[in-house]
Amino acid sequence: MSERTGRIRSPRTYSAVSGVLTGTIALYIALVALGNITDFDSNQQFVRHVLAMDTTFKDDDLMWRAIKSTALQDTAYVAIIVWESVAALVLLAATAMWGAGLRGGGVRRARQASTVGLLMLMLLFGAGFIAIGGEWFAMWQSKQWNGLEAATRVFLISGIVLLLIHSLATERAELDSTD
């Protein structure tokens with residue numbers, strides 16, 4: 001980092017920072033997916049209760065949204081696990097690409113892969129858990145089965161990493177064009 005400007009001047013530093021951030025998120029979501037696979041029942045119950053809306057205020061104006069079918073609930077849960085697993089694989093591949101960037105490889109594909117993986121997480125936790133789970137299925141009303149705080153945390157961290165990776169890329173491009 002340049003003391004004078006406070007900017008990252010080295011492509012290696014850019015790749016290292018981006019790789020560490022991507023790798024951290026990759027590790028997290030890989031562990032989440034592994035936990036959901038190896039301890040299937042714990043979060044299966046979470047998804048079932050959220051979709052059934054059985055711990056909400058049971059307002060008649062909302063309860064028509066509830067999904068009572070355990071087959072549909074379990075299908076949703078398996079879809080979540082598959083989405084998490086694919087996102088983890090994409091982010092792990094992106095982390096490896098950032099590592100190649102440290103050895104002088106291109107970083108465009110690493111940034112693209114990171115973007116895809118991070119957006120996958122933002123869709124799952126933002127649209128899936130916060131919007132659909134939190135609002136459509138009124139998860140916010142449940143004291144026992146409320147995952148909004150965890151979903152918000154993952155959504156925000158993924159968004160911050162996405163912004164940093166792209167702002168570092170912009171800064172690097174500006175430096176490359178002026179140096």
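Helices (H or I, at least four residues) and strands (E, at least two) are DSSP runs, numbered from the N terminus. With that in hand, here are the close-up views. This is a predicted model, where local features need pLDDT of at least 70, side-chain atom pairs count only at pLDDT 80 or more, and totals for chains, interfaces and linings use all residues. Residues are numbered from 1 along each chain as its sequence is written, and side-chain values use heavy atoms, with hydrogens and water left out.

**View 1. The whole protein chain has five helices and zero strands.**
Follow the chain along its sequence and you will read the pattern α-α-α-α-α. Its C-alpha trace spans about 65 × 30 × 20 Å along the principal axes. Of the 179 residues, 41% are buried, where buried means under 20% relative accessible area, exposed means over 50%, and partly exposed lies in between (1.4 Å probe, protein chains only). The accessible surface comes to about 9,900 Å², and carbon and sulfur atoms hold 65% of that surface. These areas come from the Shrake-Rupley method with a 1.4 Å probe; for residues, only the protein chains shown count as cover. A contact means heavy atoms within 4.5 Å. Among the contacts with a separation of 6 or more, 76% join residues 24 or more positions apart.

**View 2. Y28 and L27 can both be found in helix α1.**
This helix covers residues 11-38. Is Y28 buried, partly exposed or exposed? Y28 is partly exposed, because its relative accessible area is 36%. L27 counts as exposed, because its value is 52%. Together with L31 and L34, L27 forms a nonpolar patch on the surface, and the three share about 300 Å² of accessible area. Patches are made of residues with over 30% relative accessible area and no salt bridge: like charges are joined within 9 Å, and nonpolar side chains (Val, Leu, Ile, Met, Phe, Trp, Tyr) within 5 Å. To place Y28 in the wider model, look across to A131: the two are 103 residues apart along the chain, and their C-alpha atoms are separated by 22 Å.

**View 3. A salt bridge joins the side chains of D74 and R48.**
A salt bridge is a side-chain nitrogen of Lys or Arg within 4 Å of a carboxyl oxygen of Asp or Glu. By this rule the count comes to one, and here the N to O distance is 2.7 Å. D74 lies in helix α3 (residues 70-102) and R48 in helix α2 (residues 40-52), so the pair ties together parts that are 26 residues apart in sequence. D74 is buried, with a relative accessible area of 19%, while R48 is partly exposed at 22%.

**View 4. M53 and K58 sit in the loop between α2 and α3.**
Most residues other than glycine have a negative phi. M53 is not a glycine, yet its phi is positive, near 55°. K58 is not a glycine either, and its positive phi is about 60°. Which of the two words, buried or exposed, suits M53? M53 counts as buried, because its relative accessibility is 0%. K58, in contrast, is partly exposed at 45%.

**View 5. S158 is a buried residue of helix α5.**
Helix α5 runs over residues 148-178, and S158 has 0% relative accessibility. Which backbone oxygen does the side chain of S158 reach? The partner is the backbone oxygen of V154, at 2.9 Å. Not counting residues up to four places away in sequence, S158 touches I25, L118, L121 and M122.

**View 6. L162 is also found in helix α5.**
L162 is buried, because its relative accessible area is 14%. Leaving aside neighbours within four places in sequence, L162 is in contact with T115, L118, L119 and M122. L162 and M122 are 40 residues apart in sequence, and their C-alpha atoms are 9.9 Å apart in space.

**View 7. UniProt marks several stretches as "transmembrane region".**
The unreviewed entry places this feature at residues 12-34, 76-98, 118-138 and 150-169. UniProt positions are given in the numbering used here, feature names are shortened, and annotations may be inferred rather than shown by experiment. In the model, residues 12-34 are 100% helix and 0% strand, with end C-alpha atoms 31 Å apart. Residues 76-98 are likewise 100% helix and 0% strand, and their end C-alpha atoms lie 33 Å apart.

How values were computed. Polar contact = N/O pair within 3.5 Å; in protein donor to acceptor, adjacent residues only side chain to side chain.
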